[in-house]
Amino acid sequence: SEHITFVNRAVGSTCTIVGDLHRQTQRTPSASTAGLLLSGILSDTVVLRSPTTTAADREMAEFLAGLAGVDVEEYGEQMFEAGSEIQKLAPREILDRDMKYYEEGAFQFSVSQIEMVGFKAFWDRSETIQEEVDAHCKRAGLSFACLMVTDITHGVTLLVVGGDDRVAAHISHPPAGPAVFKMKDVLSRKKQVLPYLIELLQTL
């Protein structure tokens, strides 16, 4: 039987590993392949701003950007701006686009995230998005649900909370609107928002 090789490295993006495998085998990615790998790294690390980002991710991003003929920061912001298109998505699509489910004690909840450049497009539709977060809780039988609306240019997340009123009542971040909270220097669901919510739930 053939053996299966596993590569397990503490990096922010699998694309960093794939890019490194190219270099280890003396294969230079084409400009298009380099662009695809760079896109994956910038998506996974929120343009290298997420706490999950490592030095290896940054170095590989610069290497791939050189091959693709783009600037890392400029390309990353253009990519997220084009990819968010929040004004073109239905509220349910915004919530479903990147959603993960969790369970902590008696609480079942979800945390979604959408990245964008600036918050204007969100505030233009915030009321209908909030209604969808509440509807999602009822539809999925959840205790509560959150939507992270992340501005990658300023490293700020607006946390939209629906469901169990006790959760919103115990959020320590400053309110930005009804059941919306401003979280400065917060970009990562896994490393920042989820641990915060779990700690909060343990007090309820």
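# Contacts, sheet and helices of a predicted model

Visitor: Among contacts between residues at least 6 apart in sequence, what share joins residues at least 24 apart?

Guide: In this protein the share is 68%, where contact means heavy atoms within 4.5 Å. The model is predicted, so local features need pLDDT of at least 70 and side-chain atom pairs count only at pLDDT 80 or more, whereas totals for chains, interfaces and linings use all residues. Residues are numbered from 1 along each chain as its sequence is written, and side-chain values use heavy atoms, with hydrogens and water left out.

Visitor: How many helices and strands does the secondary structure comprise, and what makes a run count as one?

Guide: The protein has nine helices and six strands. Each is a DSSP run numbered from the N terminus: H or I over at least four residues for a helix, E over at least two for a strand.

Visitor: What makes β1 and β2 a pair?

Guide: Two strands pair if DSSP finds at least two bridges between them. Six bridges join the antiparallel β1 and β2, so the criterion is met. Tyr 101 has Ser 110 in β2 as its bridge partner. The hairpin of β1 and β2 has two residues between the strands, and Gly 105 there takes a positive phi near 60°.

Visitor: In which sense do β2 and β3 pair?

Guide: β2 and β3 are parallel, with eight bridges; Phe 109 stands opposite Phe 144 in β3.

Visitor: What is the strand order of the open sheet, and why are β1 and β5 called edge strands?

Guide: The order is β1-β2-β3-β4-β6-β5, with mixed pairing. The strands β1 (99–104) and β5 (175–177) each pair on one side only. From one strand to the next, the twist averages 30°. Two bridges join β5 to the antiparallel β6 (residues 180–184), which means that this pair meets the minimum of at least two bridges. Pro 175 has Phe 181 in β6 as its bridge partner.

Visitor: Why is β2 described as largely enclosed by the rest of the structure?

Guide: Buried means under 20% relative accessible area, exposed over 50%, and partly exposed in between, with a 1.4 Å probe and protein chains only. Nine of the ten residues of β2 are buried, so β2 is largely enclosed. Of the 204 residues of the protein, 45% count as buried.

Visitor: Which strands do helices α7 and α9 lie across, and at what angles do they run?

Guide: Helix α7 (residues 126–140) lies across β1, β2, β3, β4 and β6, at about 50° to β4. Helix α9 (residues 189–201) lies across β1, β2, β3, β4 and β6, at about 150° to β2. Angles run from 0 to 180 degrees between N-to-C directions, and axes are lines fitted to C-alpha atoms, for helices over the stretch in contact.
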